[in-house]
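User: Here's a model I'd like to go through with you. Take me through the helices, salt bridges and surface, and show your reasoning as you go.

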Amino acid sequence: MSIRTVSILVVGNALLSAVLIGAYALWFAPQRVPALAVLDVGELYRLKETQVATVLVKRDATVEDRALALRRAAAFGLEVTSLIQSLPDECRCLILARGAVVGPAPLLPDLTPEVRRRLGL
């Protein structure tokens with residue numbers, strides 16, 4: 001074999017290897033590690049409970065005000081559920097319950113304040 005033939009074979013093999021490694025990286029290799037965030041669902045329910053209890057024990061609250069507060073409390077679970085289901089698509093992250101995270105999580109963004117704002121708590 002001549003040096004030219006050997007050089008062509010080495011360059012050809014290098015290019016083929018580069019193409020195969022690139023194809024693997026694009027199609028088979030796992031994507032980046034998913035981003036994580038936390039949400040304190042218990043806090044949301046405690047805040048809603050306090051909000052409803054405030055209306056119910058208020059002396060000058062009318063029967064309609066109390067009935068409205070109870071209806072909103074009954075619908076709160078569905079509202080929270082639909083919001084929680086839409087959050088991963090919005091933040092493009094995996095959401096963990098605050099109780100599932102052991103120890104302080106200063107590096108994980110907390111979505112609780114944003115969800116509180118959206119729910120009017």
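**Salt bridges, a long helix span and a surface patch**

User: Is Asp-110 buried, partly exposed or exposed?
Analyst: Asp-110 has a relative accessibility of 35%. Keep in mind that this is a predicted model. Buried would need under 20% and exposed over 50%, so at 35% Asp-110 counts as partly exposed.

User: Which side chain meets Asp-110 in a salt bridge?
Analyst: The pair has an N to O distance of 3.0 Å, and the cut-off is 4 Å. Both partners sit in the loop between E2 and H4, so the bridge ties together parts that are 12 residues apart in sequence. The partner is itself partly exposed, at 29% relative accessibility. It's Arg-98.

User: How many residues apart in sequence are the parts that Glu-43 and Arg-116 tie together?
Analyst: Glu-43 and Arg-116 form a salt bridge, with their closest N and O atoms 2.4 Å apart. Glu-43 belongs to helix H2 and Arg-116 to helix H4, so the parts they tie together are separated in sequence by 73 residues.

User: Which residues does the network of salt bridges with shared partners join?
Analyst: Start with Arg-117 and Glu-114, whose side chains meet at 2.5 Å, N to O. They're three residues apart in helix H4, which means about one helical turn separates them. Arg-117 is exposed at 57%, while Glu-114 is partly exposed at 30%. Through shared partners, the full network joins Glu-90, Glu-114, Arg-117 and Arg-118.

User: How far apart are the end C-alpha atoms of helix H3?
Analyst: H3 runs over residues 63–91, which makes 29 residues. At 1.5 Å a residue the helix should span 42 Å, and the model agrees with that: the end C-alpha atoms are separated by 40 Å.

User: Where is the kink in H3 centred?
Analyst: H3 bends by about 40°. Its buried residues are Ala-69, Phe-76, Val-80, Leu-83 and Leu-87, and they pack against E1, H2, E2 and H4. After the helix comes Arg-92, with a positive phi near 50°. The centre of the kink itself is Ala-75.

User: What is the accessible area of the nonpolar surface patch that includes Val-10?
Analyst: Val-10 lies in helix H1 and is exposed, at 53% relative accessible area. A patch residue needs over 30%, so Val-10 clears that cut-off at 53%. Met-1, Val-6 and Leu-9 join Val-10 in the patch, and together the four have an accessible area of about 420 Å².

Technical notes
Residues are numbered from 1 along each chain as its sequence is written. This is a predicted model: local features need pLDDT of at least 70, side-chain atom pairs count only at pLDDT 80 or more; totals for chains, interfaces and linings use all residues. Side-chain values use heavy atoms; hydrogens and water are left out. Patches are made of residues with over 30% relative accessible area and no salt bridge: like charges are joined within 9 Å, nonpolar side chains (Val, Leu, Ile, Met, Phe, Trp, Tyr) within 5 Å. Accessible areas come from the Shrake-Rupley method with a 1.4 Å probe; for residues, only the protein chains shown count as cover. Helices (H or I, at least four residues) and strands (E, at least two) are DSSP runs, numbered from the N terminus. Buried means under 20% relative accessible area, exposed over 50%, partly exposed in between (1.4 Å probe, protein chains only). The expected span of a helix is 1.5 Å times one less than its number of residues. The bend at a residue is the angle between axes fitted to the seven residues ending there and the seven starting there. Contact means heavy atoms within 4.5 Å.
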